[in-house]
Amino acid sequence: VTADDRVIHICFHGIGTPGRELEPGEAGYWLNVDSFRRILDELATLSPVQLSFDDSNASDAEIALPELVQRGLRADFFVIAGRLGTPGSLDEDGVRELLRNGMGIGSHGMHHRPWQRLDADTSHDEFVTAREKLAVLVGSDIDTAACPLGRYDRRSLRDLRRLGYRRVFTSDRRPARRDAWLQPRYSLQRGDTAAAVREIVLGRPSLSRRIWSAGVGLVKRWR
Ligand SMILES: [Zn+2]
């Protein structure tokens, strides 16, 4: 992977105070507004980096959008079709507002189920029905998807490819190749700082990560 091929995807979830009951483990992915602003300030100075937001929380339009616009940043928003208009989530007007401001819209499926071991009906619901619902709303084809909970298997990837998705985004915490069909992303977590995000983008492991890696190296050598 040459420097020109390499792109770092940074993925956000909710910002601020959730307006709905969170899923188990989800709270760890919500950032407070101040950290979010500091991280965006940092990201605005870095390239090549691409931003995305998963889960279609109401904070996408209410908090993230104005902060992105203010900094001249663009992002892709992966929408859970089955949650549109429910409390705490984006509604149709929110999605249109994102579009009007130049943001991208992709699918995050219908009901935020892991895309693993899906039966035919569930797979159709997640990959076809959800995408159609979003396409009607945005008035154009939806050809990108992000895997809920970062989970997928060979069959779901095969189905997504067969159905013509142009890019599929995961959360596998490594740099992506610009032209690859499968695009790994780094999901930020509560407590991530602007400095930590800068290290991810620049490809320099943080001190704690270096120590951890050295430890793993030692363990491997002892085996
Ligand atoms: Zn999600």
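**Figure 1. Close-up of arginine 117 and serine 56, two residues of the predicted model with positive phi values.** In this predicted model, arginine 117 counts as exposed, because its relative accessibility of 66% is over 50%. Arginine 117 belongs to the loop between E4 and H4, and its phi is near 50°, which is a positive value in a residue other than glycine. Serine 56, another residue other than glycine with a positive phi, has a value near 45° and is placed in the loop between E2 and H2. With a relative accessible area of 2%, serine 56 is buried, whereas arginine 117 is exposed.

**Figure 2. Close-up of the zinc ion and its protein donors.** The zinc ion has as its protein donors Asp55, through OD, together with His108 and His112, each through NE2, and these lie 2.0 to 2.1 Å from the ion. Along the chain, the donors follow the spacing D-x52-H-x3-H. Aspartate 55 is located in the loop between E2 and H2, and histidine 112 in the loop between strand E4 (104–107) and H4, so this pair ties together parts that are 57 residues apart in sequence. Both aspartate 55 and histidine 112 are buried.

**Figure 3. Close-up of the parallel strands E1, E2 and E3 with their crossovers.** E1 and E2 pair in the parallel sense over five bridges, and within this pairing isoleucine 8 stands opposite valine 49 in E2. Between E1 and E2 the chain passes through H1, and this β-α-β crossover is right-handed. E2 is also joined to E3, to which it runs parallel, by four bridges, with phenylalanine 53 opposite phenylalanine 77 in E3. From E2 the chain crosses through H2 to E3, and this β-α-β crossover is right-handed. E2 itself is mostly covered, in that five of its six residues are buried.

**Figure 4. Close-up of the cis peptide bond that leads into proline 48.** The peptide bond from serine 47 to proline 48 is cis, with omega near -5°. Proline 48 is a residue of the loop between H1 and E2.

**Figure 5. Close-up of the buried side of helix H1.** Ser35, Phe36, Ile39, Leu40, Glu42 and Leu43 are the buried residues of H1. They cover an arc of only 160° around the axis, which puts them on the same side of H1. An α-helix has 3.6 residues a turn, so residues three or four places apart point the same way. The buried residues of H1 pack against E1, E2, H2 and H6.

**Figure 6. Close-up of phenylalanine 36 and its contacts.** Phenylalanine 36, a residue of helix H1, counts as buried at 0% relative accessibility. Once its neighbours within four places in sequence are left aside, phenylalanine 36 is in contact with Phe12, Ile15, Leu31, Phe53, Ile63, Ala64 and Glu67. A separation of 8.5 Å is found between the C-alpha atoms of phenylalanine 36 and alanine 194, which are 158 residues apart along the chain.

**Figure 7. Close-up of glycine 16 in the loop between E1 and H1.** Glycine 16 is partly exposed, its relative accessible area being 25%. Not counting residues up to four places away in sequence, glycine 16 touches Trp30, Leu31, Asn32, Val33 and Ile63. The C-alpha atoms of glycine 16 and serine 35 are separated by 9.7 Å, the two residues being 19 residues apart along the chain.

**Figure 8. Close-up of the nonpolar cores, with isoleucine 10 as a member of the largest.** The largest nonpolar core holds 41 residues, of which Ile10, Phe12, Leu43, Leu51 and Leu68 touch the most other members. At least two residues of this core are supplied by each of strand E1 (6–12), helix H1 (33–43), strand E2 (49–54), helix H2 (59–70), strand E3 (75–79), helix H3 (92–100), helix H4 (120–138) and helix H6 (194–202). H4 provides the largest share of this core, five residues. Apart from this core lies another, of ten residues, including Trp115, Ala145, Cys147 and Trp181. Isoleucine 10, leaving aside its neighbours within four places in sequence, is in contact with Leu43, Val49, Gln50, Leu51, Ser52, Tyr186, Leu188, Val197, Ile200 and Val201. In soluble globular proteins, nonpolar side chains tend to be buried together.

Conventions: Residues are numbered from 1 along each chain as its sequence is written. This is a predicted model: local features need pLDDT of at least 70, side-chain atom pairs count only at pLDDT 80 or more; totals for chains, interfaces and linings use all residues. Side-chain values use heavy atoms; hydrogens and water are left out. A nonpolar core is a set of buried Ala, Val, Leu, Ile, Met, Phe, Trp, Tyr and Cys residues joined through side-chain atoms within 4.5 Å. Buried means under 20% relative accessible area, exposed over 50%, partly exposed in between (1.4 Å probe, protein chains only). Contact means heavy atoms within 4.5 Å. Donors are N, O and S atoms within 2.8 Å of the metal (3.2 Å for Na, K and Ca); water is not among the atoms, so sites may look incomplete. Two strands pair if DSSP finds at least two bridges between them. A crossover is right-handed if, with the strands pointing away from the viewer, the path from the first strand over the helix to the second runs clockwise. The arc is that of the directions from the helix axis to the C-beta atoms.
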